[in-house]
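Colleague: Hi! Could you walk me through this one while I have it open?
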Amino acid sequence: MKKDDKAWLQCINCQAVYPLSYRGYICRECGDLLDVVLDLDRVDTRSWSIFKDRPKGVWRYRELIPVDSSKKVTLNEGGTPLIECSRLSKWVGLKKIYIKFEGANPTGSFKDRGMTVAVTKAVELKVKGVICASTGNTAASLAAYAARAGLPCITVIPQDAALGKVFQALAHGAVLVKVRGSFDQALRIVFSEAEEIGYYILNSVNAWRLEGQKTLGYELAEELGGEYSVFVPVGNCGNIAAIWKGLTELKNLGLIENTPKMFGVQAEGAAPFAKMVRENRDILDPIKDPQTIASAIRIGKPVNWKKALRAIRESRGDAVIVSDMEIREAQAAIARLEGLGVEPASAASVAGAKKMVEEGRISPDEVIVCICTGHLLKDPNPELFKPKALIEIEPGKQKLTHELSKLNILQLETTTH
Ligand SMILES: *Cc1c(COP(=O)(O)O)cnc(C)c1O
Ligand SMILES: [Zn+2]
């Protein structure tokens, strides 16, 4: 690496430094994670003004993303709606809740923010193909961006991956490998065989993914003044670390004064990270057989836990554990009180906030942002929702008005409005 480089890769443990052309995704010296590091003194971005006139989205911030943006592989990801939710705020018991609706991304999850940058990097590195292990959304996103770039793509998923996500990977032409086992086992297969296959790994262990996802932090900072906290569902621990990276860069550039606290939310049956944080330990204890309805965070051995721990400690945040029942209730509340459709993992953010209010760990006066990471249609499970009313009609034989009045529906509506 040359001294005058504006950016480089750096090991989070031994600080070893690699040029941006480094094709690996872990440190050659010690095997730990790498960070993309920008020399902020050499970034000529001291005010918001250069961003303001550009379209919203990941590439609005191109000076802060050290890949060649003239060759970007993009589907116009990012720039997702930030939605104030007053009815949901009451349900949770907080002054104000915003939902950052990442389901509005091109393939329906925040993974697209990472993939636009990481697949651009993959093309720059002239890789022959791309591969990932995935609970589903990474596969859906990678398949789409690989299609856009014309790159061969292999996705390795556990057998119980959510239907909508598998359908997307298929539609975009990825090779689909179903592992009779967990996500963690799928990832182990990718780690051990990707090199032999000759494909580039695009799991979130790849720092270029987080480099795109950090724009979630940029957007929050641009959209929200004042004090707020951020609630993030945590699986492989990449996204919470990426959001924090974005926010810290802005602070160090002098573009924001204060940074929010970061709260990580995990599901009871898959909470190795949250347990470590709650017990104030420094080493993650993986779990063998993670269980939760929130398939996107059904992970027992999160790869990026060290980066996420740093995010929570540096921001003076915390972690919280919620049950599947609490996740289901939150998903229904978001859908029915606000009209927003999010998948179970995404609803964990809201469930986590509610739990912390109930436990008295945050004050009802707080303003919070819940990162709702993926779209409702990703994981269509009619069993999760009790229909308000389900009526079947034989045309010509039954009258709708009659059926409605039998169920007292019209009456109910007039008394409740
Ligand atoms: C990937 C994903 C997560 C978890 O993000 P990590 O970076 O793995 O912690 C949460 N929700 C959804 C919908 C996801 O796709
Ligand atoms: Zn190292």
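Colleague: Which residue in β13 stands opposite I97?
Modeller: That is I368. Keep in mind that this is a predicted model.

Colleague: Noted! How do the two strands run there, and how many bridges join β5 to β13?
Modeller: Strand β5 (residues 96-101) and strand β13 (residues 367-372) run parallel, and six bridges join them.

Colleague: What sheet do they sit in, and what is the strand order?
Modeller: They belong to an open sheet of six strands with mixed pairing, ordered β4-β5-β13-β10-β11-β12.

Colleague: Which strands stand at the edges?
Modeller: β4 (82-84) and β12 (318-322) do; each has a single partner strand, so one side of each is left without a neighbour in the sheet. On average, neighbouring strands of this sheet are turned by 25° against each other, direction ignored.

Colleague: And which strands does helix α12 lie across?
Modeller: Helix α12 (residues 324-338) lies across β5, β11 (261-267), β12 and β13, and runs at about 95° to β12.

Colleague: Switching to the metal: what are the protein donors of the zinc ion (ligand 2)?
Modeller: The SG atoms of C11, C14, C27 and C30, lying 2.3 Å from the zinc ion. Along the chain their spacing is C-x2-C-x12-C-x2-C. C14 and C30 link distant parts of the chain, 16 residues apart: C14 is in the loop between β1 (7-11) and β2 (17-18), and C30 is in the loop between β2 and β3 (34-38).

Colleague: Why is the arrangement tetrahedral?
Modeller: Because the four donor atoms subtend angles of 97 to 119° around the zinc ion, and the tetrahedral label needs all angles between 85 and 135 degrees.

Colleague: Last one: is C14 buried or exposed?
Modeller: In between: C14 is partly exposed, at 35% relative accessible area. C30 also counts as partly exposed, with 35% relative accessibility.

How values were computed: Residues numbered from 1 in each chain as written. Chains lettered and ligands numbered in written order. Predicted model: local features only at pLDDT ≥ 70, side-chain atom pairs only at ≥ 80, totals over all residues. Heavy atoms only, no water. Donors = N, O, S within 2.8 Å, 3.2 Å for Na, K, Ca; no water. Tetrahedral: all angles 85-135°; square planar, octahedral: opposite > 155°, others 65-115°. Helix = DSSP H or I, 4+ residues; strand = E, 2+ residues; numbered from the N terminus. Buried < 20%, exposed > 50% of the residue type's maximum accessible area, 1.4 Å probe, protein only. Pairing = 2+ DSSP bridges. Axes fitted to C-alpha atoms, helices over the stretch in contact; angles between N-to-C directions. Contact = heavy atoms within 4.5 Å.
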